[in-house]
Amino acid sequence: MPKSKDSSPSEVQIQKSPAEFFAEHQAIAGFDNLGKSLYTSIRELVENSLDACESANILPEISVHVTEYTQKEFNKVAGLAESPRKNANDQELFQKKTKTPKKPPTEPQLTQETNESSTKKRKTASQDAYFRIVVQDNGCGMEHNAIPHLLGKVLSGSKYGVRQTRGKFGLGAKMALIWSKKSSGQPVRIQTAHRRSGTDIPTHCSVCVLDIDISKNEPIIMEHRKYANKENFIGTRMELLIAGNWTTYRSRIVQYIQQLAIITPYAYLQLDYENISEPQRNLQLQYQRRSEQMPPPAATVKHHPSSVNNIIVQQLIQMTRAKNLVKFLSTELASVSPAMAKRLIGELNEVDEEMDPRELTDAHITRLVQLLKRVEIFKAPDGSCLSPLGEYNLNLGIQFVQKPDLIATARDKPAAFEGHPFLVEAAVSLGGKTMKEGITVVRFANRIPLLFESGADVSTRVANSKIKWSSYKIDFKRDKIGVYVSIVSTKIPFKGTSKEYIGDDATEIQQSVKRAIQSCCQQLKVRLVKRTALKDAKERSNRLRKYIPDVSRSLYGILEGMRKRREEGDIHGDEYTSTASPSKRLRLDPQRSNQMIHKLKSGEMNEALITRALNQAIRDHQPQQDEQIIVAEKATPLFLVPLYNLDDPQYDVLDVLFTFRPIQAILNVVSSTSSPETTH
Amino acid sequence: MSSRKRQTTPAATSQESTTTASSSKRRVVAIAPDADAVLRECRKLRDVMRSSSNETSDKASRVIPEGVPSSIVEVDELKAPEVLEGMESIALDIAQQVLSGKGFSMEIPSRAATNQLYVKEWDRIVLGGKRSSRSFLNVKESRKAAITLRVLQLIHAVLMKRIHITKRDLFYTDVKLFVDQAESDGVLDDVATMVGCTRSNLNVVASDKGLVVGRVQFVEDDDPIDCTRMGVGGKAIPPYIDKIENITSDAEFILLVEKEAAYMRMAEDRFYHRYPCIIITAKGQPDIATRMFLKRLKEELKIPVLGLVDSDPYGLKILSVYMSGSKNMSYDSSSLTTPDIKWLGLRPSDLDRYDLPDQCRLDMTENDIKTGKELLKEDFIQKNPEWMKELEIMVSD
């Protein structure tokens, strides 16, 4: 009976508000203006595609095609007839740029273009326009019957339980559909072929043309058919027509694809921009696949007791099959054993172990949540459910996109923030052609780039003020430093409505980021020192050689002077009247000086001879450590994935001399499932 | 409590002399009527100096006192051929090293602060026995080695031509190698210590800095000079000290002035006629030429030297450089220091003794106090308890 009580009001809410709510408050979802709407639409579709590939363990191949249309072209494409104006004389309607309520906001300007001279054309073309976005992937596709539901209904996906996901709101592509509806009125076209794994070729292909009924939050199916897959179509192809602005967000879109290539080196990414009226502005961007190593999919885990709230507990109660409270707590929450559940129940009044969880009142739930938050001895949520990119891939991604001179990566140990596990991976690069001098911070959350509001972000703050760059032999003003921070978590603690940054008040995350960056810097320092030594050795002979002419000339000059003085009979003159004690004074050994003068006279000693001798000396006295340094420099980095959460002694094999602990392959980098780790 | 114990040199000392202005264009300044009384102390000092002058004083002695390491570096006045010979000897040694294919390296007495020691018996700072080597094959030292050799050669040429050049001249001879004048200047002292001669023996001089005016006459490079007839500003002290001879004077004392302004005041007032004296200034920290000139005057004329310096740590420091030498030139302290200069004033203790009004007193700056505290630690200040007392008044509260 509580089920009906709970679900009926929530049902009404979900049915009524979401699509309309987001249509009205689209800035929250990243649709602030035309430029950003274009950017966010592309981004949502691309991330959808990545998910589709990764869920089926397929190496992603994603292409984005953006075509820009002026309104005239758009009308042609959309099949709208160029209606002759009834009031051809009514020019002032457009000159005043009064908004015509039924038409899109961009229309006044675009209408001008159709009427007026071509001088305005460039200006208008660089501004708001219509775009056809086609995103195609090679992922798992969608099941024929589920297509309308998956795309046409906002918040239709269920997200109970926690899992590391890319989306911010669970809106995915749906928001793009709403935007398409809102800005162009055009339906979405989907072509998809469903398959369960990466190897089989789907037998059937579906085509679906969808519109969305915003007030009812329901899809309107305009076309929905299935046909035999003769052309071997794979994946999903989404096509939509939206209003947008390429000029203002071009650099952001390019930056997004570029950073996505860093964090997704196992994907092939392609971006094509086509401008029908101005082909000189076309753009093509391609990132080849660089790695075959795909991170394992993130696992869904139970809620950690310290992360729950009243609503979550209520939802869990609705779903659970547990008949009593002990079972409920120990099966639905992580880190709670039956013994622990009993201890917890013992702390609560009016509640006993055998009670059906559905009989809990709101007050009981509130007290339970308060209790769960207070208990300190729960095992911290572990990071094994997360799917970080891995240092190997991160290294490759950065190497590939930025081509830096030096790069170091690090992964900090998993930790928890507010009951959600998180894991920080970081990389620090030095140099690279496209990099700017100073610190550039590139941020990723759950393996998608964060481009906006970097100033307040925890990674930016740490990189700029918490790292003592100079102690790592890095000049933070003049060196080209790239700082890459990738945070994955079952719940990223975003700040602000747009969810574009992570606040630095999350102390645990801040410290983890700092540790990871410091670890990178430490590695770099070692290599920088070695590199400097190597460079010094190389430059040594050059530097020394530079002074040979000065030395030879000076030395020869003094010797020649001595010879001249001797010839003038000056060398043993009778001017010795100084008070100096003869013993202290530097005296010329007559025999040696005579020999030298003889050599000088005969030409046996000359400047060239000195030069030769010095060159020889430099060649003979190369320091011997050079070879070691070169060997160290040629070495390729080896990436070992640390295994955390190994403190489960359940299957330990005990012996007098050692303990075997069999471990599972937590990441697919570890090939064998039974590779034992020796402890003790 | 903010007591003010610093005061600028009172230019007022000679104010009264203007009363004797005559009608003629050239102002005749007569000897002050109270000269005998004022100079009584001064004459006493002079008499003591002259009577003891025959005895060989400890300070002039070259015998190394007990407790001082025998390895200390002291340079001598050398004649040009001796310097040349020393340089050639160094060059021969280097040539031999080079020809044997080992590059070359030079041993140079270290002039670092840790290698300076104060010898109480001599009352001056000398250079200790530490040596550092400069090797051509060492990347960090090769440039310095090249510069040293180049300076050695340039000075060898200068000495052979029997000319003098300034430090600036030397720098301009090979700007490309030296880059910065500090480089060639620094190496100059290395060359002097290597050869074992004074810096002026290298015929490298600094440009004029010191001024002299008053009752002294001498011959400079065959030109007779009378420092009472050098106009208002006085005569620049020439860097070629060895070209000065036949010093004569009827002065009763030498007045050493720190500030050029005070010097100008007295020169214009022709103070040296009211109280027969020689007035010298080096405009602050003294250069080598002024120090050598002062030493020369005192040794030849045997008259007391009175120091008129600011009543602040810098004034005392300047006085100590005249007396005990500077750390940079410690290898040549024997020819640069003038012992036994009397601190005329104004002393910190005088401020209250003569009840000077607050308006005339300046606060000590933080920097002054810092310098004062450093001076308190120096041996050459500690040997003089009276000075210590005055200095402590300066730095206290």
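Biologist: Glad to look at this with you! Are the residues on the two sides of strand S7 of chain B buried or exposed?

Modeller: Welcome! Keep in mind that this model is predicted. Strand S7 of chain B spans residues 211-214, with Leu211(B) and Val213(B) on one side and Val212(B) and Gly214(B) on the other. Both faces of S7(B) are covered, and these four residues are all buried.

Biologist: Which residue of S13(B) stands opposite Val213(B)?

Modeller: Start from the pairing: S7(B) and strand S13 of chain B, residues 277-281, are antiparallel partners over four bridges. S7(B) is also joined by two bridges to strand S10 of chain B, again antiparallel, and there Val212(B) faces Lys235(B). On the S13(B) side, the residue opposite Val213(B) is Ile279(B).

Biologist: Now to another sheet. Why do S9 and S11 of chain B each have one side without a neighbour?

Modeller: The strands of this open sheet of chain B come in the order S9-S8-S11, with antiparallel pairing. Strands S9 (223-226) and S11 (244-249) of chain B each have a single partner strand, so one side of each lacks a neighbour because both stand at the edges.

Biologist: Where in S11(B) is the residue that stands opposite Gln217(B)?

Modeller: Strand S8 of chain B covers residues 216-220 and pairs with S11(B) in the antiparallel sense over four bridges. Opposite Gln217(B) in S11(B) we find Thr248(B).

Biologist: Which helix lies across S8 and S11 of chain B?

Modeller: Look at residues 288-301 of chain B, which run at about 55 degrees to S11(B). The helix lying across these strands is H10 of chain B.

Methods
Residues numbered from 1 in each chain as written. Chains lettered and ligands numbered in written order. Predicted model: local features only at pLDDT ≥ 70, side-chain atom pairs only at ≥ 80, totals over all residues. Heavy atoms only, no water. Pairing = 2+ DSSP bridges. Contact = heavy atoms within 4.5 Å. Axes fitted to C-alpha atoms, helices over the stretch in contact; angles between N-to-C directions. Buried < 20%, exposed > 50% of the residue type's maximum accessible area, 1.4 Å probe, protein only.
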